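Here are my notes for you, written as numbered points. Keep the viewer open as you read and check each point against the picture.

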Amino acid sequence: MREQVRKAWKSRTPRERVALAALGAVLTAAFFVSLIQAATHARSRLRPSVTALRVQLARLDQQASEIERLRASPPPAVSQSDLRALVQAQIGAELSRALVRIDARSPDEVEVAFGAVPFDKWLGWVAGLKGQQVRVASSRIEALTSPGLVSVRATLVRAKPR
């Protein structure tokens with residue numbers, strides 16, 4: 001193929017070669033001009049969104065620093081007499097996203113409801129509550145379509161001393 005192009009080029013007169021080279025230069029320049037025009041148009045169209053994104057970035061930076069400050073501060077003391085507060089303090093970040101409801105039925109009884117929660121995280125949380133003298137009085141656990149996720153409703157009570 002390269003040889004055919006070379007033969008075609010050599011078969012042209014010098015005047016035709018100059019005309020073809022000039023045509024190639026004009027087409028290349030037109031191509032670059034159209035690229036620059038498209039880039040300029042896109043830039044002017046995207047400029048407002050860049051400003052909005054900068055504002056969002058500043059807000060996210062501010063929120064991140066607030067999160068770091070809150071994580072560094074000691075957690076508030078939880079009263080052992082308030083079972084709802086004790087249970088809520090034991091809920092981790094992943095479980096808190098799935099928490100639908102937490103209601104205190106009495107000072108020693110709390111009902112919790114979780115939407116889509118990983119079953120192993122739920123079991124770990126319940127095991128952690130045992131250390132706080134809280135046990136599961138009743139529960140309803142339903143498997144969801146996503147593997148490993150369950151929906152849970154449970155009644156938690158303060159363990160009675162033996």
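Is E4 largely enclosed by the rest of the structure or largely open, and why? Keep that in mind; point 4 comes back to it.

1. First, the ground rules. You're looking at a predicted model, where local features need pLDDT of at least 70 and side-chain atom pairs count only at pLDDT 80 or more, while totals for chains, interfaces and linings use all residues. Residues are numbered from 1 along each chain as its sequence is written, and side-chain values use heavy atoms, with hydrogens and water left out.

2. Now the parts list. The protein chain has five helices and four strands; these are DSSP runs numbered from the N terminus, with at least four residues for a helix (H or I) and at least two for a strand (E). Reading from the N terminus, the order is α-α-α-α-β-β-α-β-β.

3. Look at the overall outline. The C-alpha trace spans about 110 × 35 × 25 Å along its principal axes. The radius of gyration is 34 Å, whereas a compact globule of 162 residues would be near 15 Å. That radius is taken over C-alpha atoms, and the globule rule is 2.2 Å times the number of residues to the power 0.38. Buried residues make up 16% of the 162 in the chain; buried means under 20% relative accessible area, exposed over 50%, and partly exposed in between (1.4 Å probe, protein chains only).

4. Back to the opening question. E4 is largely enclosed by the rest of the structure, because seven of its 10 residues are buried. Zoom in on Thr-155, which is found in E4: it counts as buried because its relative accessibility is 8%. Leaving out residues up to four places away in sequence, Thr-155 touches eight residues: Arg-105, Glu-109, Val-110, Glu-111, Arg-135, Val-136, Ala-137 and Ser-138. Here a contact means heavy atoms within 4.5 Å.

5. Which strands does E4 pair with? Strand E3 (residues 134-143) runs antiparallel to E4 (residues 149-158), and nine bridges join them. Strand E2 (residues 109-118) is also antiparallel to E4, with eight bridges. Two strands pair if DSSP finds at least two bridges between them. To trace the E3 side, find Val-134, whose bridge partner in E4 is Arg-158, and then Ser-139, which is partnered with Ala-154. Elsewhere, Pro-118 stands opposite Leu-149 in E4.

6. Don't skip the turns. E3 and E4 form a hairpin with five residues between them, and Gly-148 in that turn has a positive phi of about 85°. Gln-133 lies in the loop between helix H5 (119-130) and E3. Its phi is near 65°, a positive value in a residue other than glycine.

7. Finally, two helix residues to click on. Ser-11 is in helix H1 (residues 2-11) and counts as exposed because its relative accessibility is 55%. Ser-11 and Ala-29 are 18 residues apart in sequence, and their C-alpha atoms are 26 Å apart in space. Arg-84, in helix H3 (residues 83-90), counts as partly exposed because its relative accessibility is 32%. Arg-84 touches Ile-102, Asp-103, Ala-104 and Val-110, again not counting residues up to four places away in sequence. Its C-alpha is separated by 26 Å from that of Glu-68, 16 residues apart along the chain.
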